[in-house]
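Colleague: I am new to this structure and would like a close look at one part of it, the charged side chains and the partners they pair with. Could you walk me through them, one after another?

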Amino acid sequence: MKLASLQTGRDGQLVVVSQDMTTMLAVPEIAATMQEALDQWADVAPALCGVYDALNAGERRGHVFDPAACAAPLPRAYQWIDGSAYVNHVELVRKARGAEMPASFWTDPLMYQGGSDCFLGPCEPIKMRNEDWGIDFESEIAVVTDDVPMAVDAADATKHIKLIMLVNDISLRNLIPGELAKGFGFFQSKPSSSFSPLAVTPDELGDDWHHGKVHLPLITQFNGEAFGCPNAGVDMTFSFGELIAHATKSRRLSAGSIIGSGTVSNKLDGGAGKPIAEGGVGYSCLAELRMIETIASGAAVTPFMRFGDRVRIEMLDRRGQSVFGAIDQRVEAYGY
C-alpha cells in the first residue's frame, strides 16, 4: 500500500495512492491524516488496503496524483530519531580527521533525537541564510512505527514497522564541529529534514524487504548527474529492528515515530567507496566524497551545496519503477 499527505493544514490530508502513482483518493471516512491512521493502525489498515486494491483494479476513480503537491508523509511527528546504521560512513568521517573509531561503534548504534515539528515536503526548496554553513544532503531510508513498548527486542521491533520512506537529512557541515564541541549534540546544524512523497507498507517491497533492511539501491543525483547508488541492504551494520530496540532501551515509542538509517554507504573491496565514474557506487552525501578526497590527497576538493544546486533522491524496484517517488529539491537563499 502507498500513502501520501497533501499540503493541507498543519498535518496534511491523507490520500491512498495507486501502485503506479498516477491516481489518489482521500479517505476522510477512514482517517483524515497520516497520524490519525497510525494512531489506530490495526483498525484502519484493512480499510485503507481495500481502497488501495480498488484503485489499482480501476474499481474506484481517483484524482491525478502530483508529488509536488505533497507534504512529507508526516508533516510533523511526535518523534524523529536518526541512527547511523552504516558504520562505514562513521569510520570514514573519523579517519578523515585522523581519529580512531571506538570498537563499540560496531556493536552499539549511534543515534540522535532530531527536530520533528516542521518537516519539508519532497519538492520544497531548501532555504538557507548562508551558503557558507556547508549545506549537504544525506540520502537515507526511514521507517515509521506504531506504538512500541519499552525494551523491545530486535525481532519484535521489526513487527512494529508499518511504513517505509526516504529521507534527505539535510546537514550544515560547517556548523557541526562547533556544536559537537559543546558536548550537547546537534541543533542548529540539523535543519528540517525532507521526506519522499510516498510512505509505503513493507509488503510493497516484496523480497527486497527482509531482516529489517531494504535491499535496493538508493539513487542520488546532484545537479542532474549520477552521484550515488549504494545498495541500502549492503554494509548496513544495524537493521531497523536493532535501531528500534536501541531506541526503546529506556522508553517506549508512540505511533508515528520515525527512525532513520543514517547516510547509506557501501564499501568497495573492503575499503572506502569510489565515485560512479571510477567504477564504484558513489555516495549519499557530499561529506563522504570530501572525506575520500581528504584521505587520498590531504584536502577536500568538492564544495558543499550552493544556492541553485539541486538534489534528487529516489529508489527504483527491480522493474525500474519508483517505489517512494522522488525527493527533488533546490537550494535557495532564505528571504525574510
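**Charged side chains and their partners**

Modeller: Let us begin with D208, which counts as buried because its relative accessibility is 7%, under the 20% cut-off for that word. Please keep in mind as we go that this is a predicted model. D208 has a charged partner in R318: the two form a salt bridge whose closest N and O atoms lie 2.5 Å apart. In sequence the partners are 110 residues apart, and their pair links distant parts of the chain. You will find D208 in the loop between β13 (199-200) and β14 (209-210), while R318 sits in the loop between β19 and β20 (327-333). R318 itself counts as exposed, at 68% relative accessibility, so this salt bridge joins a buried residue to an exposed one.

Now move to E131, which forms a salt bridge with R306, with 3.1 Å between the closest N and O atoms. This pair, too, links distant parts of the chain, as 175 residues separate the partners. E131 belongs to the loop between β7 (126-128) and β8, and R306 to the loop between α7 (286-297) and β19 (310-314). Both ends count as partly exposed: E131 has a relative accessibility of 21%, and R306 has 35%.

Next comes R319, whose salt-bridge partner is D317, the closest N and O atoms being 3.0 Å apart. R319 is exposed, its relative accessible area being 62%. Elsewhere, salt bridges that share partners tie D136, E138, D169, R173 and K190 together into one network.

One member of that network, E138, deserves a longer look. Its place is the loop between β8 (135-136) and β9 (139-145). With a relative accessibility of 5%, E138 counts as buried. The side chains of E138 and K190 are joined by a polar contact of 3.0 Å. What else does E138 touch, not counting residues up to four places away in sequence? Its contacts include the network members D169, R173 and K190. E138 also touches H89, V167, N168, S171, T263, S284 and C285.

To put these pairs in context, a search of the whole structure finds 14 salt bridges. The ones we visited include D208 with R318, E131 with R306 and R319 with D317. If you would like a place to start in the viewer, try E138, in its loop between β8 and β9, and then look for the side chain of K190, its polar contact partner.

Technical notes
Residues numbered from 1 in each chain as written. Predicted model: local features only at pLDDT ≥ 70, side-chain atom pairs only at ≥ 80, totals over all residues. Heavy atoms only, no water. Helix = DSSP H or I, 4+ residues; strand = E, 2+ residues; numbered from the N terminus. Buried < 20%, exposed > 50% of the residue type's maximum accessible area, 1.4 Å probe, protein only. Polar contact = N/O pair within 3.5 Å; in protein donor to acceptor, adjacent residues only side chain to side chain. Contact = heavy atoms within 4.5 Å. Salt bridge = Lys/Arg side-chain N within 4 Å of Asp/Glu carboxyl O.
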